[in-house]
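Reader: I would like to learn how to read a set of coordinates feature by feature. Could we start with the structure itself?

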Amino acid sequence: MQKEEDQQLFEKSIRFLGKSLGATELSFSNIEVLTAEKRMGYSRCITIFIRLSQGVLDQIKYEPTQTYFSHYRTVNRLIDDITLRLSLFLEDRGYPSLAIPASQSVADPNDAFTGAFQHKTGAVLSGEGWIGRSALFIHRNYGPRVRLGTVLTNAPLTVGVPTTRSECGTCRACVTACPAMAIEGQLWELGLPRNALYDAYSCSQHMKDAYKHIGRGAVCGLCMVACPVGKE
Ligand code: SF4
Ligand code: SF4
């Protein structure tokens, strides 16, 4: 009983720290279903979710805005700050931990646009949402209008139940909205590779060609604002 209470207190302190630093939500998942290489030897994943500003997103009509571009980068900095502090908090308590950068591409012969550990993987395994036709993570409460961060750890955590199927139903709003025709329109299920859902190269190239005036590496976001999930 005492052990159970200590565990609850420990998890509460992680959630409290994350939220007090600016995370909208936190979730925990078991990543032992992945290869040891993919999960870098860790067994648990903490995913943090940061809701994007509605005021900023409301300005996106036919193309991204400079304000959105700046917001995207600001949120990434906030994510890196929160995940670093969470990982240090866990290490101070004796649990090996690793904060994954919010936005980072690593050399992968199969996917030039992938990170060291995909934030979406932890989010899906925690059961907080699914992967949309757009290949974006769709949070049950906020839709795709969230950015994700990850801490890998060996701390004992009570984990969520993984999502295994898409809940997009018959909706195709993001497919229609994409100016690069990069979204294939398929429904996701657990294990489906990202490139079966969307063409990351076409998406990136369109952003470079069409939105150079907005900023280097600008993100479009039209598939995100088109999604009805989580809209009030
Ligand atoms: S970010 Fe823009 S170009 Fe890329 S998939 Fe979404 S709508 Fe298409
Ligand atoms: S816009 Fe529709 S199809 Fe696309 S991710 Fe959202 S719910 Fe799924």
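Author: What follows goes through a helix, a sheet, two loop residues and two ligand shells. Keep in mind that this is a predicted model.

Reader: Take helix 1 to begin with; what end-to-end distance should its 20 residues span?

Author: The general idea is to count 1.5 Å a residue and compare the result with the C-alpha atoms at the two ends. Helix 1 covers residues 2-21, so the expected span is 28 Å; the end C-alpha atoms are 29 Å apart, which agrees.

Reader: Which residues of helix 1 are buried?

Author: Phe10, Glu11, Ile14 and Gly18 are buried in helix 1. They cover an arc of only 90° around the axis, and therefore sit on the same side of the helix. Exposed residues lie on the other side: Gln2, Leu9, Lys12 and Phe16.

Reader: What covers the buried residues of helix 1?

Author: The cover includes strand 1, strand 2 and helix 3, the last being residues 66-92. After helix 1 comes glycine 22, with a positive phi near 125°.

Reader: Now the strands. How many bridges pair strand 1 with strand 2, and in which sense?

Author: Pairing is read from bridges between residues. Strand 1 and strand 2 are antiparallel, with 6 bridges. Within that pairing, serine 29 has cysteine 45 of strand 2 as its bridge partner.

Reader: How is strand 6 paired with strand 2?

Author: Strand 2, residues 44-51, pairs with strand 6 in the antiparallel sense over 8 bridges. Arginine 44 has threonine 153 as its bridge partner in strand 6, and arginine 51 stands opposite valine 146.

Reader: What joins strand 3 to strand 6?

Author: Here 4 bridges link strand 6 to strand 3, residues 97-100, and the two run antiparallel. Serine 97 is opposite threonine 153 of strand 6, and threonine 153 is also the bridge partner of arginine 44.

Reader: Which residues of strand 6 are buried on each face?

Author: To read a strand, check its two faces separately. In strand 6, one side carries Val146, Leu148, Thr150 and Leu152, the other Arg147, Gly149, Val151 and Thr153, and all are buried. That is 8 of 8 residues in the stretch 146-153. Strand 2 has 7 of its 8 residues buried, so the rest of the structure largely encloses it.

Reader: Loops next. Is serine 43 buried or exposed?

Author: A loop residue is judged by its relative accessibility, with buried meaning under 20%. Serine 43 counts as buried because its value is 14%. It is found in the loop between strand 1 and strand 2. Its contacts away from its sequence neighbours are Ser29, Asn30, Ile31, Glu32, Thr153 and Asn154.

Reader: Where does tyrosine 142 lie, and what does it touch?

Author: Tyrosine 142 is in the loop between strand 5 and strand 6. Beyond residues up to four places away in sequence, it touches Thr24, Glu25, Arg51, Val229 and Gly230. Tyrosine 142 is 92 residues from isoleucine 50 in sequence, while their C-alpha atoms are 9.6 Å apart.

Reader: Last, the ligands. Which residues are around ligand 1, and of which classes?

Author: List the shell, then sort it by class. Around ligand 1 are Cys178, Pro179, Ala180, Ile183, Tyr198, Cys203, Cys220, Gly221 and Cys223. The classes are 8 nonpolar, 1 polar and no charged residues.

Reader: What classes make up the shell around ligand 2?

Author: That shell has 8 nonpolar, 2 polar and 1 charged residues. Its members include Arg133, Ser134, Cys168, Cys171, Cys174 and Cys227.

Note on methods. Residues are numbered from 1 along each chain as its sequence is written. Chains are lettered from A and ligands numbered from 1 in the order in which they are written. This is a predicted model: local features need pLDDT of at least 70, side-chain atom pairs count only at pLDDT 80 or more; totals for chains, interfaces and linings use all residues. Side-chain values use heavy atoms; hydrogens and water are left out. A residue is near a molecule or strand if one of its heavy atoms lies within 4 Å of it. Ala, Val, Leu, Ile, Met, Phe, Trp, Tyr, Cys and Pro count as nonpolar, Asp, Glu, Lys and Arg as charged, and the others, Gly among them, as polar. Buried means under 20% relative accessible area, exposed over 50%, partly exposed in between (1.4 Å probe, protein chains only). Two strands pair if DSSP finds at least two bridges between them. Contact means heavy atoms within 4.5 Å. The expected span of a helix is 1.5 Å times one less than its number of residues. The arc is that of the directions from the helix axis to the C-beta atoms.
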